[in-house]
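The two exercises below concern a predicted model. Please work through each with the sequence and the coordinates at hand before reading its solution.

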Amino acid sequence: MNSASKKSPLRFLIGLLTVALLAPAVSRAQGTVVLTGKVSNHKTDTIAVSFREHPLDAKEHITYARLDSKGEFRLAVAVPGPTRADLVYGDDVADLFLEPGNAIEVRFKSNDLASSIKFKGPGSAASSYLVELDEQFIENDGFQVLPDNIMLYEPGFLSFLDYRRKAEQKFLDGYAQDNQISAAFKAYAQAEIDYSYANDRLTFQDLREQVVATEGRLKMTPEYYGFLNDAKLINNPSAAQSEQHQEFLLNYIHHTAVAANHQRTDPDFYWVCYELAKKQLTGPVKPLVMGRVLQESFRFGHVKQSAAMLADFRSVDPKNEFFPLLQRDFETHKAFAIGAPAPDFKLVTVKGDTVSLRDFAGKLVYLNFWRTTSGLSLRDLPYAQDLARKFEGKNIVFLNIALDDNDPAWKQLVVSKKLPGVHVRAAGGLRSALARAYALQEVPSYFLLAEDGSFLNTKPKRLSSHAAIDEIKESFGKASTYTSALPVATDK
């Protein structure tokens, strides 16, 4: 349970990425779960169960079944052991916990899966618990960090976390007394409670700074992070199934690196995190968390360091269970890692000149992919003007690339608004060759390029962010730092 977020109409997409939580490194009882049931007044003819083997694998295992004329179905799902999964019907998703040998009967109304779903049969108690937990806690704003509890100060926030944990514990204990649940599920449910608390406590200071724009970063008392000194919290074999445990460990590694004065913008940040995970973690979660650090480095790190870490990863993955997946992920993302050259292009400016990215060699380049019909893009225009004025005369160019097909409308807007910076247009929108070259999925999208034309930041602060100014100021002269950085020498 992630208490900082809630279900939404997008839950279907999120649900397909829900993981099976016990790593392959653990001895697992392979087997089959049989789900039978009926959908009242069914309008969709198929139903499915979806899960992933582990969080490093983007491939989901999906088993489909067709509903008959009465809305009845039968699904036989092969699972690798105790598994968190999703029951998917149309755009609706319900939580499942499956173990080999389960024979679960499922019934729900077609137009109201969430509140009408009922489970019966061997192994059904675990999934019923998840449904009731969702109703009592996830859908209740009073138990969520967002939107209101994030506004609290340290004493109030700790009081909120303690109250929520006690309520969740009481619910689990009472449910376990009244229902037959397996040891594997009870360990999973307990870990979700414990690490929901730990994760929200660990990330509170950072999350509050991002969300509460009217106040600065809170200063916490020396005792606030004392709970991290509990060794059993960090290496806890009984929590191996919990996604909250894995998320907590990743955030813990980030926190430890920052506490040691390593910032996310440092060339060696992900190498430091990788080494921390390698030294401090044990058990089946160790390669998973190290793998997640690697995946972060593929997207936001330096190519040379990512490659060096990936080569080293073989030493913690002797059975080669994760390395092939990480290798493919690295190949997919290395073209966009920090230090990689940004794809060049030639485009016509609003004045009719032709410019290429190479024309701006020796300058920082802030790329802004936008569109005149995008509300978010238009909202950022005043901030773009203000930012360009603040850096007027400095060694930076603000290069705005409109993904518009309507050339007259684009020109009219740029000229009438007297928009600063360099303005060019790439016809074809998100289907254009340039959009594909930069792997764009939405606008506005921003990139900060170093003076040598390499990626310096693939996710810079938005033009509207107050932090964008400081981020740009700190970026001058960083090109050689990133493109020539070597892996950090550490004691093995």
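**Exercise 1.** Starting from the pairing of strand β1 with β4, establish the strand order of the sheet, explain which strands stand at its edges, and place the helix that packs on it.

*Solution.* Begin with strand β1, residues 31-40, which pairs with β4 in the antiparallel sense over 8 bridges; within this pairing, T32 stands opposite A78 of β4. Extending the view to the whole open sheet gives 4 strands in the order β4-β1-β7-β8, and the pairing is mixed. Because β4 (72-79) and β8 (118-120) each have a single partner strand, they stand at the edges, and one side of each is left without a neighbour in the sheet. Neighbouring strands are turned against each other by 25 degrees on average, with direction ignored. Finally, helix α3, residues 124-138, packs on this sheet, where it touches β7 (103-109) and β8, and its direction makes about 160 degrees with that of β8.

**Exercise 2.** Describe the largest nonpolar core, identify which helix gives the most to it, and list the contacts of F248.

*Solution.* Count the members first: the core holds 52 residues, of which F227, L228, F248, L294 and F313 touch the most other members. Next, assign the contributions to helices: those that each supply at least two residues include α4 (154-178), α5 (183-211), α7 (243-259) and α9 (285-300), while α8 gives the most, with 8 residues. Then take F248 and leave out residues up to four places away in sequence; F248 touches Y195, A198, N199, L202, F227, L228, L233 and I234.

Conventions: Residues are numbered from 1 along each chain as its sequence is written. This is a predicted model: local features need pLDDT of at least 70, side-chain atom pairs count only at pLDDT 80 or more; totals for chains, interfaces and linings use all residues. Side-chain values use heavy atoms; hydrogens and water are left out. Two strands pair if DSSP finds at least two bridges between them. Axes are lines fitted to C-alpha atoms, for helices over the stretch in contact, and angles run from 0 to 180 degrees between N-to-C directions. Contact means heavy atoms within 4.5 Å. A nonpolar core is a set of buried Ala, Val, Leu, Ile, Met, Phe, Trp, Tyr and Cys residues joined through side-chain atoms within 4.5 Å. Buried means under 20% relative accessible area, exposed over 50%, partly exposed in between (1.4 Å probe, protein chains only).
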